[in-house]
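This report reads a protein model from its overall fold down to individual side chains. Please keep the sequence and the three-dimensional view at hand while reading.

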Amino acid sequence: MKEQTAESFEAQLKQLPECVSREMVDEVASNLVCSGARTHRRKLVRALITPPRHRPEALPHYARLAATLALCFKHVDSELAALLKVRVRARARVRARARV
């Protein structure tokens, strides 16, 4: 049973970069909630924080997915915010060093 949910979860994460509409994002969100993504929360947050670089139009879809999942999984929003803070601060430090 655990192998099936892990495989289902991985399949949903692989589908994420191809989401091009709200309906597809909502479908992925409902499938993640039903597949028990709570046990894979770190992988889920890492997938949400790393959208494809070559597709900036996917950012609103990732944000929608994060907001939808935050309603069901309370840890998603806090962990995502913490990781974003760390990444922004790291980039600011790199830019500050480059200016000196």
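The paragraphs below take up the fold, the nonpolar core, the largest pocket, the cysteines and a few single residues in turn.

**Overall fold**

The model is a predicted one, and every value in this report should be read with that in mind. The secondary structure of the protein comes to five helices and zero strands, so that, in keeping with the definition of these elements, the pattern read along the sequence is α-α-α-α-α. Taken along the principal axes, the C-alpha atoms fill a box of roughly 55 × 25 × 25 Å. The protein has 100 residues, of which 30% count as buried. Among the contacts with a separation of 6 or more, 72% are accounted for by residues 24 or more positions apart.

**The nonpolar core**

The largest nonpolar core holds 21 residues, and the members that touch the most other members are Leu-16, Leu-44, Leu-48, Leu-65 and Leu-69. Two or more residues of this core come from each of the elements α1 (2-15), α2 (22-34), α3 (41-49), α4 and α5, and the element that gives the most is α3, with five residues. Leu-69 illustrates how these parts of the chain meet: when residues up to four places away in sequence are not counted, Leu-69 touches Ala-29, Leu-32, Val-33, Leu-44 and Leu-48. Two of these partners, Leu-44 and Leu-48, are themselves among the core members that touch the most others.

**The largest pocket**

The largest pocket has a volume of about 350 Å³. Its lining is made up of 14 residues, and those that lie nearest the centre of the pocket are Ile-49, Thr-50, Pro-51, Leu-84 and Arg-87. Helices α3, α4 and α5 each supply at least two residues of this lining, with α5 giving the most, namely five residues. By chemical class, the lining of the largest pocket divides into 10 nonpolar residues, one polar residue and three charged residues.

**Cysteines**

How many disulfides does a search of the whole structure find? The search finds zero. For Cys-19 the reason lies in distance, because the closest cysteine sulfur, in Cys-34, is 15 Å from the sulfur of Cys-19, which is too far for a bond. Cys-34 is likewise in no disulfide, and the cysteine sulfur nearest to that of Cys-34 belongs to Cys-72 and is 9.0 Å away; a disulfide would require the two sulfur atoms to be within 2.5 Å. The surroundings of these cysteines can also be described: Cys-19 counts as buried, at 2% relative accessibility, whereas Cys-34 counts as exposed, at 69% relative accessibility.

**Single residues in α4 and α5**

Is His-61 buried or exposed? His-61 counts as buried because its relative accessibility is 17%, under the 20% that sets the limit for this class. The residue is found in helix α4, which covers residues 59-72, and, leaving aside neighbours within four places in sequence, His-61 is in contact with Cys-19, Val-20, Ser-21, Arg-22 and Val-25. One of these partners, Cys-19, is the buried cysteine described above. A second histidine, His-75, lies in helix α5 and counts as buried at 17% relative accessibility.

Two further residues give a contrast to these histidines. Ala-67 lies in helix α4 and counts as partly exposed, at 48% relative accessibility. Asp-77 is found in helix α5, which covers residues 74-99, and Asp-77 is partly exposed, with a relative accessible area of 41%.

The table sets out C-alpha distances for three pairs of residues, together with their separation along the chain.

| Pair | Separation along the chain | C-alpha to C-alpha distance |
|---|---|---|
| Asp-77 and Ala-66 | 11 residues | 7.1 Å |
| His-75 and Lys-43 | 32 residues | 12 Å |
| Ala-67 and Leu-16 | 51 residues | 15 Å |

Leu-16, which appears in the last pair, is also one of the core members that touch the most other members.

Terms used
Residues numbered from 1 in each chain as written. Predicted model: local features only at pLDDT ≥ 70, side-chain atom pairs only at ≥ 80, totals over all residues. Heavy atoms only, no water. Helix = DSSP H or I, 4+ residues; strand = E, 2+ residues; numbered from the N terminus. Buried < 20%, exposed > 50% of the residue type's maximum accessible area, 1.4 Å probe, protein only. Contact = heavy atoms within 4.5 Å. Core = buried A, V, L, I, M, F, W, Y, C linked by side-chain atoms within 4.5 Å. 1 Å grid on protein atoms, 1.4 Å probe; cavity = no way out; pocket = protein on both sides within 12 Å on 5 of 7 lines; lining within 4 Å. Points joined across faces, edges and corners; volume = space filled by probe spheres on them. Nonpolar A, V, L, I, M, F, W, Y, C, P; charged D, E, K, R; others polar.
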